[in-house]
Amino acid sequence: MRSIHVLNLPGQGRSSISSLRQPRQLGVRSRICSHTVSQAQAQETRKKSLKESGDINKDSNSNSKGKNNGSPYEGGKDDEGNLGACDVFVAPDGEVTQAMCCDYGFRSGVGRLYQGSTGEVPKNFFALGGDNFAREFKQLRRSFRFNEYKSISDVNPPRNFVERIWGSVQHKGVQALATLDEKLEQTPLLQELDPNEMPDEVTDSDGNMTQDCSEVRSALRGLVLRNEDVTAYEHKRKEKEGEVSAPWPIRWTYNFLCFSLDILYKNRPIQRFWVLEVVARMPYFAYISMLHLYESLGWWRAGAELRRVHFAEEWNELHHLQIMESLGGDQMWWDRFLAQHSAIFYFWVLILFYTFAPRMAYVFSELVEHHAADTYKVFTDTNEDLLKSLPPPVCALEYYRGGDLYMFDAFMTTKKEMPRRPPCNTLYDVFVNVRDDEGEHVKTMTACADKTIVESLKELHDSPVKPMGGKKENAPVSMDEQKMDNKGSHL
């Protein structure tokens, strides 16, 4: 059965995080793997699922995953046990999980997986470019008209004379651009900007951010990540496991990337993770492109299996990216501009590495994935209590708890006795899952660099992992089973 996504629509008024008893108005967002149903239908679906599995007592004897381990959402239930006003996710096994109320991503509503427009054929190159330019130009104007950059300086106050001078120059530059924009706005050249422009999904009927969304956003601002803690943890890991051997061009490029992240995203962990995930997809795009080229030229066709693994890795990183977007990592124009242009540059650097020395390209990715895993490890340890108090975003639930675990096992190239099926009850679980995913990427990149990937893949094919039901993971599904699955996905 596919996952079912419940979205509360009726009602007016505003709800708070600590007591989600008043339903709030939400924008309707269509998702390809979800259904909009009532709360009663969600509860009935869970009971039906448990009854069919022969575990009907599970609903009353076990703690619902909607409880969220002490989350201020109180499991999304009121005093009568009814589901609250935020999104509720019903997994294929009938477990109900309270989802995060709001999606803070810049592209919230459209343009992302599980949301509107997914799977549509795109417009032509010029139409897409024109639409994006108009959208981003408007956001560029907003960035200095309403001084988005102040939020960066607020969390990073100047510590010395040089930083104070730089901060003063930046402030005056933003003021000058804002003044120029105001003057041009009085002419036919520029349209008037709305100072309170926010997605419908996070606003009430008056156009203001809802109280629950505002409080979640405030909680997310309380997440911390210290560069010195990440550096200290990396040193400990290297002392225990040893340093990855890399030639100086690879090492210098990697050090420059880490240095840039430390400077530009100090005390801004969610934005840092979003930029890191934008960049993290580029190696797999580059490797797949080169393998396609070699196949097209007739030089090398033995890389088909490797292409599949790299696609699975990219698919995994895509969901990491969407998770960080849903937490607001891509809200600022500056972050989007820097990340996307850096990613294009990074792609061509990796193409160059792969052209002359594929092994070195994999070593570089191994270094980056190690850094990502270490950073997420420090982040989850530092913010454990706060992360456990917040529910997971919808996109994380769709990926880790949905019925279609598309390519989830394919990016893990080390043999396991049982398939990895991680929990996803809180935001802490989400970041632990991302951390563990990065650890799997490290293993795959290491295997590619030392050329043991062939043996790893052969071992996986010879001994497929058996899931809980006893059927082999790669076993074919009968047409009757497919029909039952499709029938079960509709209410």
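**Salt bridges in the predicted model**

Arginine 159 pairs with glutamate 163 in a salt bridge, in which the closest N and O atoms lie 2.9 Å apart; the term salt bridge denotes a side-chain nitrogen of Lys or Arg within 4 Å of a carboxyl oxygen of Asp or Glu. Of these two partners, arginine 159 is exposed at 59% relative accessibility, whereas glutamate 163 is partly exposed, with a relative accessible area of 26% (buried means under 20% relative accessible area, exposed over 50%, and partly exposed in between, with a 1.4 Å probe and protein chains only). The model is a predicted one, in which local features need pLDDT of at least 70 and side-chain atom pairs count only at pLDDT 80 or more, while totals for chains, interfaces and linings use all residues. Residues are numbered from 1 along each chain as its sequence is written, and side-chain values use heavy atoms, with hydrogens and water left out.

In total, 23 salt bridges are present in the structure. Side chains of opposite charge can pair when their charged atoms come close. Aspartate 131 and lysine 123 form one such salt bridge, with their closest N and O atoms 2.7 Å apart; here aspartate 131 is partly exposed at 33% relative accessibility, and lysine 123 is exposed at 52%.

A further salt bridge links arginine 308 to glutamate 305, the closest N and O atoms being separated by 2.7 Å. Both residues belong to helix H11 (residues 304–326), where they stand three residues, or about one helical turn, apart; helices (H or I, at least four residues) are DSSP runs, numbered from the N terminus. Elsewhere, Arg141, Arg145, Asp181, Glu182 and Glu185 are joined into one network by salt bridges that share partners.

Definitions and conventions. Helices (H or I, at least four residues) and strands (E, at least two) are DSSP runs, numbered from the N terminus.
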